[in-house]
Amino acid sequence: THIEVSARVGPSSQPITDSPASPVATPNPLNCEMTETAGITTIRGFCDAQGKILSTPLVIDRNANLKNVVIASSVDNQGWISNSKITSTGIVKGGTLTGQIDNQGIVQDFEFRGSSFIGGTVGGNIQNTSTVGGCLQDVTLLPNTTITGGCLDGTIKDDPNFPATLENVKVKGGGLVTEVTPPEDTGVLSN
């Protein structure tokens, strides 16, 4: 089932009475608390998308938790995303990701606290604070990525001209790291 969350104020929305920047309740098929301000849709609170696809840009509020969603658009994540899939057209920036993340898109500048993060491209500043041994697995690193903590597993690809920096990162058993350059003085990679 393909469900599109519209970033436009529909006919069933309340009229804007104060100014164009006033928040308006946005009708949505996810039955989540969402508002629109100045054309930007924001998810607030807890939201279980039940596997539905989000295909329009949105913001996840700092107190929000979006789970079981398929992301096929750009997301400014200031809160939490859990047990979700990011498609090849999905771009997630910021926030915390937890549970099981199936990534075919791009995820940047985030904290990972989950049990598995598999695939896709990652970049920026990444903190792996998983307490259950969750690794970044089979990922491609954007230029100048920094990963702090946690582990890598599977095949990790990097740009040799703009290598990633790994701080306190371990490579699990069968992990194959290609073209990643750890800081010279830290011996951070170990099997």
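**Exercise 1. Work out which residue forms a salt bridge with D61, and where the two partners sit.**

Step 1. Start with the partner: D61 pairs with R44, and their closest N and O atoms are 3.1 Å apart. For the rule, a salt bridge needs a side-chain nitrogen of Lys or Arg within 4 Å of a carboxyl oxygen of Asp or Glu.

Step 2. Now place them. D61 is in the loop between β6 and β7, while R44 is in strand β3, so to speak a link between distant parts of the chain, 17 residues apart. Strands here are DSSP runs (E, at least two residues), numbered from the N terminus.

Step 3. Check the burial. D61 is buried at 17% relative accessible area, and R44 is partly exposed at 27%. The cut-offs are under 20% for buried, over 50% for exposed and partly exposed in between, with a 1.4 Å probe and protein chains only.

Before going on, a word on the model: it is predicted, local features need pLDDT of at least 70, side-chain atom pairs count only at pLDDT 80 or more, and totals for chains, interfaces and linings use all residues. Residues are numbered from 1 along each chain as its sequence is written, and side-chain values use heavy atoms, with hydrogens and water left out.

**Exercise 2. Find how many salt bridges the structure holds, and describe the ones made by D109 and R113.**

Step 1. The count is three. Side chains of opposite charge can pair when their charged atoms come close.

Step 2. Take D109: its partner is K93, with 3.7 Å between the closest N and O atoms. D109 belongs to strand β13 and K93 to strand β11 (residues 91-93), so this pair ties together parts that are 16 residues apart in sequence. D109 is partly exposed at 28%, and K93 is partly exposed at 43%.

Step 3. Then R113: it bridges to E111, and the closest N and O atoms are 2.7 Å apart. R113 is partly exposed, with 37% relative accessible area, whereas E111 counts as buried at 16%.

**Exercise 3. Trace how β10 pairs with other strands, using K67, V70 and K85 as markers.**

Step 1. Begin with β7 (residues 65-67), which pairs with β10 in the parallel sense over three bridges. Two strands count as paired if DSSP finds at least two bridges between them. Within this stretch of the exercise, K67 has S82 in β10 as its bridge partner.

Step 2. Move to β8 (residues 70-71): it is parallel to β10 as well, over two bridges. Here V70 stands opposite K85.

Step 3. Finish with β12, which pairs with β10 in the parallel sense over six bridges. K85 turns up again, with D102 in β12 as its bridge partner.

**Exercise 4. Describe the largest nonpolar core and say which residues have the most contacts inside it.**

Step 1. This core has 33 residues, and L97, F110, F117 and L136 have the most contacts inside it. To qualify, residues must be buried Ala, Val, Leu, Ile, Met, Phe, Trp, Tyr or Cys, joined through side-chain atoms within 4.5 Å.

Step 2. Which elements give two or more residues? They are β6 (58-60), β10 (80-86), β12 (96-103), β13 (106-112) and β15 (121-128). The largest share, three residues, comes from β13.

Step 3. Zoom in on F110. Leaving out residues up to four places away in sequence, F110 touches G94, G95, L97, F117, V122, N125, I126, Q127 and L136. A contact means heavy atoms within 4.5 Å.

**Exercise 5. Sort out the geometry of the aromatic pairs around F117.**

Step 1. There are two aromatic pairs in total. The rule asks for ring centres of Phe, Tyr and Trp (its six-membered ring) within 6.5 Å; planes under 30 degrees apart are stacked, over 60 edge-to-face, and the rest tilted.

Step 2. F110 and F117 are stacked, at 5.4 Å centre to centre and 15° between the planes. F110 is buried at 3% and F117 at 0%.

Step 3. F112 and F117 have ring centres 5.8 Å apart and planes at 85°, so this pair is edge-to-face. Put together, F110, F112 and F117 form one aromatic cluster.

**Exercise 6. Decide which stretches have pLDDT below or under 50.**

Step 1. The chain's mean pLDDT is 81, and 74% of its residues reach 70 or more. This score is the predictor's confidence in each residue, from 0 to 100.

Step 2. Residues 1-27 are below 50, and residues 183-191 stay under 50. Where pLDDT is low, the predicted coordinates should not be read in detail.

Methods
Helix = DSSP H or I, 4+ residues; strand = E, 2+ residues; numbered from the N terminus.
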